[in-house]
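Welcome to a short guided tour. Please open the structure in your viewer and keep the selection tool at hand.

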Amino acid sequence: MGILHEDVVVINQAEKAGEPTVITVNCPDKTGLGCDLCRVILLFGLSICRGDVSTDGKWCYLVFWVVGKPNTRWNLLTKRLLEVCPSYLSTSGIFYYHPENQQPKPPDVFLLEFWCSYEREGLLHDVTEVLCELELTIHRVKVSTTPDGRVMDLFFVTDTRELLHAKRRQDETILCLKAVLGDALFSCKIELAGSEVTACSQGSPCLPSAITEEIFSLELPNGRLSRSAASNPISVTVDNNLSPSHTLVQIFCQDHKGLVYDIMRTLKDYNIQVSYGRFYASPKGNCEVDLFIMQADGKKIVDPNKQNALCSRLRMELLRPLRVAVVSRGPDTELVVANPVELSGRGRPLVFYDITHALKVLKTRIFSVKIGKHMIQDREWEVYRILLDEGVGYSVPRNKIEEGVRNKLMGWE
């Protein structure tokens, strides 16, 4: 018969400050469900401090203990979690035919264009925060400053609520932007982005070799591991002796924002099913993860080459889930941030939000921004190239910018 719709996702909010909120999900299973749920939780700015996952291959039961923002919109979070859960009808004997090659229609991309009469510290972050609150997903940004100091921002966005074509939704968005930008905003419009406009916004598919060498190389020229690798020891091991039907993967590492998401998206990309999982992050920032997994064919991972490939990928994703570097661009300074894209085509949530927040705290202005997806080392990456406006007078050292942005992205503030 299935279960009641309201029982699929249950959120028990923390009764006291400092205690975690408990999210329970009880629904039909699918490969990658854990990744999809963790992505939504990360999108709402929450961190998972403990988790338990179990499934029989058809039905799953997941519990997440989360901490984060006190103003979290729990009702909206419940709705977004429900949207990624398979319908209980899929296990109740009612099936619908879906052609294998049938892809969901991609969401409409809208161009949000506005002009400001002057630049100020944190302006771009304030705009990004408004768009996130409105559930507008930022796909690309073009920021440019004219010689007279005016700023033009172009945001290519999609609407999670699929309502941005309506005048009421557009008016709501513009009104929220005016409330944040005040008198600085003197022009703002929203329109459906045509294919030619979207194509022009993507820019060159190639990155300068200096950038790829800087942020996609794990080792230093002398062969020693980089400082981030040495300061963040990670253990990933596999064991086929404890279970007759599953491979046990054990992970010990330092906690960071989105850690469970990084593990789950890696397993999803490898088409691996998690039958049972346990995650725990200690107050000191150390994490222990136990996962009983199997391949898509329902068998253990016994091939040593497959085991080594999976362990190597997990180590890399936990060591450097994001790449951050500050490089020279002629006489100027450019901040470059890259994160891997899921095979489904989705990038990591809130990356641009965290970048702009870190730069606002550092009192560093942004001159221009380019966001694009690039194929590097046989993987697709979402790359943020941010030209910094160092101006005259106070200037933040490059190493402080890199450290500040990385710590914000990793949740190590």
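Before the first stop, one definition: Ala, Val, Leu, Ile, Met, Phe, Trp, Tyr, Cys and Pro count as nonpolar, Asp, Glu, Lys and Arg as charged, and the others, Gly among them, as polar. Please also keep in mind that this is a predicted model.

**Stop 1: colour by confidence**

The chain has a mean pLDDT of 86, and 85% of its residues reach 70 or more. Now select residues 91–102, where the pLDDT is below 50. Beyond near neighbours in sequence, this stretch has 5 contacts in the model. Next, select residues 219–230: the pLDDT is below 50 here too, with 8 contacts beyond near neighbours in sequence. Where pLDDT is low, the predicted coordinates should not be read in detail.

**Stop 2: helix α1**

Select residues 33–43, which form α1. Is this helix enclosed or open? With 10 of its 11 residues buried, α1 is largely enclosed by the rest of the structure. Among the buried ones you will find Leu33, Cys35, Asp36, Arg39 and Ile41. To see what surrounds them, add β2 (21–28), β3, β4, α2 (74–84) and α8, against which the buried residues of α1 pack. Then step just past the end of α1 to glycine 45, which takes a positive phi of about 75°.

**Stop 3: the largest cavity**

Rolling a probe the size of a water molecule over the atoms shows where empty space is left. In this model the count comes to 4 cavities of 30 Å³ or more. The largest cavity holds about 150 Å³ of space. Which residues should you select to find its centre? Of the 17 that line this cavity, Gly32, Leu33, Gly34, Gln273 and Val274 are the closest to the centre. Now show α1, β3 (47–55), β4 (59–67), α8 (259–269) and β11 (273–281), since each supplies at least two residues of the lining. Coloured by class, the lining divides into 9 nonpolar, 5 polar and 3 charged residues.

**Stop 4: the second largest cavity**

About 90 Å³ of space lies in the second largest cavity. Select its lining: Gly51, Asp52, Val53, Phe64, Val260, Ile263, Met264, Gly277, Arg278, Phe279, Val289 and Leu291. Two or more of these residues come from each of β3, α8, β11 and β12 (286–294). By class, this lining has 8 nonpolar, 2 polar and 2 charged residues.

Methods
Residues numbered from 1 in each chain as written. Predicted model: local features only at pLDDT ≥ 70, side-chain atom pairs only at ≥ 80, totals over all residues. Heavy atoms only, no water. 1 Å grid on protein atoms, 1.4 Å probe; cavity = no way out; pocket = protein on both sides within 12 Å on 5 of 7 lines; lining within 4 Å. Points joined across faces, edges and corners; volume = space filled by probe spheres on them. Helix = DSSP H or I, 4+ residues; strand = E, 2+ residues; numbered from the N terminus. pLDDT = per-residue confidence, 0-100. Contact = heavy atoms within 4.5 Å. Buried < 20%, exposed > 50% of the residue type's maximum accessible area, 1.4 Å probe, protein only.
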